[in-house]
Amino acid sequence: PGVRRGPSLRRLRAKLQPDWVRRWLANPRAVKPATWMPAFWDDPSAADAQAEIDAVTAYLFAASEDYTPAAAGRAGDPDIGRRLVE
């Protein structure tokens, strides 16, 4: 209770691209000015910071699960859809 948690990163690979994640990690407020995400590097353009950002990005994508929505590949039922809309 009272603890704010960030979003799940379990399916990161299904939603994001590595280049975007690198930009986000390097400077979250440049991507989204009102974010709660802190900046972790004083100088994200420094070589050691870039190496760490690349390592974190690689880890996140390696740990991410593939994701296929449950409805993918199933044909819709027009009668059920019509009843839901009506």
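Modeller: Contact here means heavy atoms within 4.5 Å. This is a predicted model, where local features need pLDDT of at least 70, side-chain atom pairs count only at pLDDT 80 or more, and totals for chains, interfaces and linings use all residues. Residues are numbered from 1 along each chain as its sequence is written, and side-chain values use heavy atoms, with hydrogens and water left out.

Colleague: Which residues does Thr-35 touch, not counting those up to four places away in sequence?

Modeller: Thr-35 sits in the loop between helix 3 (28-31) and helix 4. Helices are DSSP runs of H or I, at least four residues, numbered from the N terminus. With that sequence neighbourhood left out, the contacts of Thr-35 are Trp-24, Pro-28 and Arg-29.

Colleague: Is Thr-35 buried or exposed?

Modeller: Buried means under 20% relative accessible area, exposed over 50%, partly exposed in between (1.4 Å probe, protein chains only). Thr-35 has a relative accessible area of 10%, so Thr-35 is buried.

Colleague: How far is the backbone nitrogen of Met-37 from a polar atom of the Thr-35 side chain?

Modeller: The pair joins the backbone of Met-37 to the side chain of Thr-35. The distance is 3.1 Å.

Colleague: Is Leu-84 buried or exposed?

Modeller: Leu-84 belongs to helix 5 (residues 78-85). Its relative accessible area is 70%, so Leu-84 is exposed.

Colleague: Which residues does Leu-12 touch, not counting those up to four places away in sequence?

Modeller: Leu-12 is one of the 10 residues in the largest nonpolar core. Such a core is a set of buried Ala, Val, Leu, Ile, Met, Phe, Trp, Tyr and Cys residues joined through side-chain atoms within 4.5 Å. Beyond that sequence window, Leu-12 touches Val-21, Leu-60, Phe-61 and Ser-64.

Conventions
Helices (H or I, at least four residues) and strands (E, at least two) are DSSP runs, numbered from the N terminus. A polar contact is a pair of N or O atoms within 3.5 Å; within protein, one must be able to donate a hydrogen and the other to accept it, and residues adjacent in sequence count only if both atoms are side-chain atoms.
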